[in-house]
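Hi,

Here is the structure I said I would pass on. Have a look at it first, and then read my notes below.

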Amino acid sequence: MNAKASNVIAAPHGMEAQQAELADRIARNIPAGGLHESSVPGLSLIRASAPSQPLPTVYHPSLCVVVQGSKRALLGDEVFHYDALNYLVVSMSLPITGQILEATPQSPYLCLRIDVDAALVNEMLQQVPAGRASRHGGRAVFVGRTSPTLLDAVLRLVRLLDTPDEAPVLAPLAMREIHYRVLTGELGERLRELCDIEGPSQRVARAIDLIKQRYHEPLRIEQLAAAAHMSASSLHERFKAATAMTPLQYQKQLRLQEARRLMLVDGIEAAAASHRVGYESPSQFSREYRRLFGAPPRREVMAMRGPSA
């Protein structure tokens, strides 16, 4: 599956005005690059002034709406492109490699990220009739076409950044409508399947939660299966369908991501970081780190701590 979005189709005229206003409001609220949590709970804003190198990181359940520029997300051998015409939804915590493709100082990459509220989606499932069954497999990430109604709800949410007194009352209403627009959109059945509390996707999510809690411990598939209330073989199949990796590969990526954070943020040496996340062999840690991030731990840490960090 390649969820590549076309860059040729133009947005409808009304959407162009909405995108222009969104770009202006986001740029005013975050003049510096990076990811910034906003004053509205569940809403973060992202800005970048240049294309980026592929960067492995952990995406948490969220809706990402690009306002300007474009980006791609890589999960296994699948590529998901999203831009001002398309949004990305991630319904489980997933190790994904992200890369900003289009961004300049004059026209920076601007994006907003909204936390997916699975409880809210499940509440709506009682009110929104089910559509046709999804034909997109069990992946916990998908790209959908941004509609004018979805963009309108997103714009009303972002406007609340300039009226903080109104945000506590109106932001939950806008968040509810955004979830509704995605749930009733062209790929709404994907979100329905992934957030159904009794469905297999949420059982996989429970196994993921256990891995996140105990990523530094030896992994036992039987323990994960018990947490998910599934057989070991069924969990393995469903887990790989949702995440494009096995539970062991997932755990390995979480370990390497956390070790990277410990070195870059907390200043811990590579050997100590590898031990803390569960590696017994520093050489194995170095090999797997280089395979994921493209450079040995020491070299990458030195580069990231340089003048441009």
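**What I found**

Let's start with a helix: helix 4 (residues 167–183) lies across strand 2, strand 4, strand 7 and strand 9, and runs at about 95° to strand 9. Before going further, please keep in mind that this is a predicted model.

The strands that helix 4 crosses bring us to the sheet. An open sheet of 6 strands has the order 1-2-9-4-7-10, and the pairing is antiparallel. Its edges are strand 1 (34–37) and strand 10 (141–145), each of which pairs on one side only. On average, neighbouring strands of this sheet are turned by 20° against each other, direction ignored. If you want a pair to zoom in on, try strand 2 (residues 43–48) and strand 9 (residues 109–115), which pair in the antiparallel sense over 6 bridges. There you will find Ile 46 opposite Cys 111 in strand 9. Helix 3 packs on the sheet too, touching strand 2, strand 4 (62–68), strand 7 (86–90) and strand 9, and its direction makes about 90° with that of strand 9.

Now for the inside. Which residues have the most contacts within the largest nonpolar core? They are Leu 88 and Leu 112, and the core itself has 93 residues. As a general background, nonpolar side chains in soluble globular proteins tend to be buried together. Leaving out residues up to four places away in sequence, Leu 88 touches ten-odd places you can click through, among them Tyr 59, Leu 63, Phe 80, Val 141 and Phe 142.Phe 142 also turns up next to Leu 191, a residue of helix 5 (residues 188–195). Is Leu 191 buried or exposed? At 3% relative accessibility, Leu 191 counts as buried. Leaving aside neighbours within four places in sequence, Leu 191 is in contact with Val 89, Val 121, Phe 142, Val 182 and Leu 183. The C-alpha atoms of Leu 191 and Asn 122 are separated by 9.9 Å, although these two residues are 69 apart along the chain.

Last, the charged side chains. Side chains of opposite charge can pair when their charged atoms come close. How many salt bridges does the structure hold? The count is 13.

One of them joins Arg 25 to Glu 21, with the closest N and O atoms 2.9 Å apart. These two are 4 residues apart in helix 1 (residues 13–29), so about one helical turn separates them. Arg 25 is buried, with a relative accessible area of 16%, while Glu 21 counts as partly exposed at 23%. Both also belong to a network of salt bridges that links Glu 21, Asp 24, Arg 25, Arg 28, Arg 159 and Asp 162.

Helix 3 has a salt bridge as well. Arg 156 pairs with Asp 152, the closest N and O atoms being 3.1 Å apart. In helix 3 (residues 148–159) they sit 4 residues apart, so the separation is about one helical turn. Arg 156 is partly exposed at 31% relative accessibility, and Asp 152 is partly exposed at 29%.

In helix 9 (residues 247–264), look for Arg 261 and Glu 258, which are 3 residues apart, about one turn of the helix. Their salt bridge has its closest N and O atoms 2.9 Å apart, and Arg 261 counts as partly exposed at 36% relative accessibility.

Over to you!

Key. Residues are numbered from 1 along each chain as its sequence is written. This is a predicted model: local features need pLDDT of at least 70, side-chain atom pairs count only at pLDDT 80 or more; totals for chains, interfaces and linings use all residues. Side-chain values use heavy atoms; hydrogens and water are left out. A salt bridge is a side-chain nitrogen of Lys or Arg within 4 Å of a carboxyl oxygen of Asp or Glu. Buried means under 20% relative accessible area, exposed over 50%, partly exposed in between (1.4 Å probe, protein chains only). A nonpolar core is a set of buried Ala, Val, Leu, Ile, Met, Phe, Trp, Tyr and Cys residues joined through side-chain atoms within 4.5 Å. Contact means heavy atoms within 4.5 Å. Two strands pair if DSSP finds at least two bridges between them. Axes are lines fitted to C-alpha atoms, for helices over the stretch in contact, and angles run from 0 to 180 degrees between N-to-C directions.
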